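Open the model in your viewer and keep the selection panel at hand. The stops below go from one ligand to the other.

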Amino acid sequence: MTSLRVSHILGIETSCDECSASIIRDDGTSLQPLSLSTHTQIALHQPYGGVVPEIASRNHLETIHEVMEHSLRQASLQLADLDAIAVTNRPGLVGALLVGVSAAKALAYALKKPLLPIHHLEGHLSSLYLKKEAFDPALYPMLVAIVSGGHTELHLLATPPDQWAYPGVERSIFQNTRIGRSRDDAAGEAFDKTAKLLGLPYPGGRWIDEIASQGGNPAAYELPKALPQKSTLDFSFSGLKTAVALLVQKIPQDALKSALPDLCASIQEAILDALWAKIVLAIRQHEARSLAIVGGVAANSRLRAKMDAQWEKIGLRCSPLFPEPAYCTDNAAMIAAAGALRLRKGLVLLQERLLALNAVANPEA
Ligand code: KG4
Ligand code: ZN
């Protein structure tokens, strides 16, 4: 009997304001996270109400060694035990990406191990495969909604990744087709920008979630639904931001605090209803058998509860797949998972080629 090869992949993520390292053990059938160490820069950027690129890069430079060492210690492994290094090299803040890319190149070159460049969205998609059931072919075609601070996209996955003959290092490791996207703000951005209008700290998604769950009435305020036209699978969230700005102006300053739970619940509902409407349409149009939701907004408690309550009504085979909350917001475990899936197919950069790897800011490049 031949035994499956076990690999250990170190993942590194520095595309925005999380400096993260993780080690995944791939036994050929499942991907197990052995460690995840993340240094979040939220407190550093909070006074500015958003991410300041130069502060992000400088902080990554100060913390990257610490998170890598911590993830090795947590996994009880040495550098020599690693089989490959995976790193986000696009898209993101270029100065922030360069820190992770430089560290990964140095490690891979010195250890004479393969380097795996990862597109950040391929990372979010790969967070799904940290759950073994996502590999089940009976769940395909699968609709995957990527809902993060930077992106809101609907992808149709024809097969699980191991049934897909990969065309090359630069191409996706998934047999995926993007069937819908936001035309302006991403869903996470809609949470963050409306939260800012309410005077909540950055990033506001988590705060809206938390305050709404303190008894907020989701029907208290009527807010516009993004692109309600039946035919398109695209989203638009900028109208919501304008409506919230106008609404907040009408509420007296001393009444704002007590109105917060209702405001948060209504804003959250408007975003989730828009997501749900397009998800239902996409499932019907493309006859998807299952639904998965990934990215920072997938950590939202109301979204998880709403989708869990409604999946049977729209003919799905099982309840929606969500990564664990720690693997929804930016993290290196999803990057290591994407690396593991690439390594299985030999989609690697080796000694001579890895030195040329660069960071790319543009998501479509
Ligand atoms: O995936 P992610 O960590 O970063 C990007 O790739 O953009 O997503 C961050 C986004 C932020 O907009 C944040 O407000 C949102 O995810 N988010 C949430 C929650 N937790 C994070 N939005 C709603 N509810 C949450 N619980
Ligand atoms: Zn992300």
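Start at ligand 1 and select Gly188: a polar backbone atom of this residue lies 3.1 Å from an oxygen atom of ligand 1. Keep in mind throughout that this is a predicted model.

Next, show the side chain of Asp209. One of its N or O atoms is 2.9 Å from a nitrogen atom of ligand 1. Then add His124, where a side-chain N or O atom is 3.2 Å from an oxygen atom of ligand 1. On its own, ligand 1 has 550 Å² of accessible area, and the protein covers 87% of that.

Now widen the selection to the surroundings of ligand 1, which comprise 19 residues. Gly149, Asp192, Asp209, Asn300 and Asp330 are the closest.

Keep Asp330 and His124 displayed and move to ligand 2, the zinc ion. Which protein atoms serve as its donors? They are NE2 of His120, NE2 of His124 and OD of Asp330, at 2.0 to 2.1 Å from the zinc ion. The site has four donor atoms, with angles of 94 to 134 degrees among them, and is tetrahedral.

Trace the donors along the chain: their spacing reads H-x3-H-x205-D. Color helix H4, residues 120-126, to see the histidine pair in context. His120 and His124 are about one helical turn apart because four residues separate their positions in this helix.

Finish with accessibility, where buried means under 20%. His120 has 7% relative accessibility and therefore counts as buried. His124 is at 0%, so this residue is buried too.

Terms used
Residues are numbered from 1 along each chain as its sequence is written. Chains are lettered from A and ligands numbered from 1 in the order in which they are written. This is a predicted model: local features need pLDDT of at least 70, side-chain atom pairs count only at pLDDT 80 or more; totals for chains, interfaces and linings use all residues. Side-chain values use heavy atoms; hydrogens and water are left out. Donors are N, O and S atoms within 2.8 Å of the metal (3.2 Å for Na, K and Ca); water is not among the atoms, so sites may look incomplete. Four donors count as tetrahedral if all angles lie between 85 and 135 degrees; four count as square planar and six as octahedral if opposite donors are over 155 degrees apart and all others between 65 and 115; anything else is irregular. Helices (H or I, at least four residues) and strands (E, at least two) are DSSP runs, numbered from the N terminus. Buried means under 20% relative accessible area, exposed over 50%, partly exposed in between (1.4 Å probe, protein chains only). A residue is near a molecule or strand if one of its heavy atoms lies within 4 Å of it. A polar contact is a pair of N or O atoms within 3.5 Å; within protein, one must be able to donate a hydrogen and the other to accept it, and residues adjacent in sequence count only if both atoms are side-chain atoms. Accessible areas come from the Shrake-Rupley method with a 1.4 Å probe; for residues, only the protein chains shown count as cover.
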